[in-house]
Amino acid sequence: MKRMTRVALVTSGGDCQGLNAAIRGIGKTLFEKLDNVEIYGMYDGYRGLIEGDYKFMEPRDFSGILTQGGTILGTSRQRYIPGKDIVDENGNSLLPDMLQTYNRLNLDCLVIMGGNGTQKSAKLIADHGMNVITLPKTIDNDIFGTDTTFGFQSAVDIATNVIDYIHSTASSHGRIFVVELMGRDAGWLTLSAGVSSGADVILIPEIPYDIHKVAELIENRRRKGRGFSIVACAEGAVAKDETVLDEEESRRKKESTLYPTVSYAIAAQLEKITGMEARVTVPGHYQRGGPPCPYDRALATQFGTAAAELIINREYGRMVAVQNGAITSIPLEEAASKTKFLPVDHPMIQVARSIGISFGD
Ligand code: F6P
């Protein structure tokens, strides 16, 4: 009798397109290549692992889900104390409960699919004695050690489409439109969608903006007969004068602002400076919803099969990645070590500048 391999699948943190494609890739490969395998799907991410709430998955569970958005297992966000612990609302560690489920099911390994924060918390889980393999998923594309993540391209497609549609109405009315895209810390999505949709201004967290520079570009366009302008703005965009504030000042400023998000503040300032009408569009979670684009279906499938190979070879403590077009894996420790911010000299930023897109700097 061949040895039994027991694996639990966990989707953690914010969802994105391609999670089900990855789940399918892992499941199908394991059932194809191993004679004896048991797969458990943990419900709602770490919650299922903590509470022992799971589904015993059969081969048929991995069929018909390739194109489905979200995650068939559900997901949740847990409180993570950087580098220290994963805790409940009273500050009690949840790691012992996770380990208990892991041992009770006699698992060989956990496959954790998550974003930047999940890579870090997965490292803690590994340090706590559980075998872990992770997959990089997020629309933010900010995971260190991988050129890209699944979910990113689908979100770029949606965000680009939103700005494409906004273009015609902005042009008809001669208005400024500020389109706010997801990305609290990193500007990958806003840069990609901004360039792909022909935005006039791109504001990202990595390049603090000066509102007068943004207004200058809009006024120049107007002088040249372009009566409308599109500003693609990351939700984490930050004004230059805010970068000098300390933590306390910054918190107070946020509390006293009249605007729900940065885009509303930018639109109000631009109206005041230019005298033009400005509107805001926030597609929000629409960017994370719906079916994965074909690129993400293929990427998530490749990541899923690579994770299964790691399981078969018992190579744990690794994150599957893509580097220079090749699927590979890197130590989880490395993936969890930092956030992949957009380098300010990135070739795509240079391309954008070459065609006259302003970053407000
Ligand atoms: O990390 C993915 C992401 O979509 C970010 O771009 C965004 O800031 C955040 O999640 C939103 O989180 P939530 O779904 O918890 O509102």
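In this predicted model, a polar side-chain atom of arginine 77 lies 2.9 Å from an oxygen atom of the ligand. The points below take up the residues around that ligand and then two helix pairs, α5 with α6 and α1 with α10.

**Ligand surroundings**
- The ligand is surrounded by Arg77, Ile139, Asp140, Met182, Gly183, Arg184, Glu235, His285 and Arg288.
- Arginine 288 places a polar side-chain atom 2.9 Å from an oxygen atom of the ligand, while for glycine 183 it is a polar backbone atom that is 3.4 Å from a ligand oxygen atom.

**Helices α5 and α6**
- Helix α5 (residues 152–173) packs with helix α6 (residues 188–197) at an angle of about 45°, and their axes are 8 Å apart; α5 and α6 are therefore oblique to each other, and their crossing is right-handed.
- From α5 the contact draws on Phe152, Ala155, Val156, Ala159, Thr160, Ile163, Asp164 and His167, and from α6 on Trp188, Leu189, Ser192, Ala193, Ser196 and Ser197.
- Sorted by class, the contact of α5 with α6 comprises eight nonpolar, five polar and one charged residues.

**Helices α1 and α10**
- Helix α1 (residues 19–33) and helix α10 (residues 294–312) cross at roughly 40°, with axes that come within 7 Å; α1 and α10 are therefore oblique to each other, in a right-handed crossing.
- On the α1 side, Ala21, Ala22, Arg24, Gly25, Ile26, Thr29, Leu30 and Lys33 meet Arg297, Ala300, Thr301, Gly304, Thr305, Ala307, Ala308, Glu309, Ile311 and Ile312 of α10.
- By class, the contact of α1 with α10 is made up of nine nonpolar, five polar and four charged residues.

Key: Residues are numbered from 1 along each chain as its sequence is written. This is a predicted model: local features need pLDDT of at least 70, side-chain atom pairs count only at pLDDT 80 or more; totals for chains, interfaces and linings use all residues. Side-chain values use heavy atoms; hydrogens and water are left out. Axes are lines fitted to C-alpha atoms, for helices over the stretch in contact, and angles run from 0 to 180 degrees between N-to-C directions. Helices (H or I, at least four residues) and strands (E, at least two) are DSSP runs, numbered from the N terminus. Angles under 35 degrees count as roughly parallel, over 145 as roughly antiparallel, 65 to 115 as roughly perpendicular and the rest as oblique. A crossing is left-handed if the near helix is turned anticlockwise from the far one by less than a right angle, and right-handed if clockwise. Contact means heavy atoms within 4.5 Å. Ala, Val, Leu, Ile, Met, Phe, Trp, Tyr, Cys and Pro count as nonpolar, Asp, Glu, Lys and Arg as charged, and the others, Gly among them, as polar. A residue is near a molecule or strand if one of its heavy atoms lies within 4 Å of it. A polar contact is a pair of N or O atoms within 3.5 Å; within protein, one must be able to donate a hydrogen and the other to accept it, and residues adjacent in sequence count only if both atoms are side-chain atoms.
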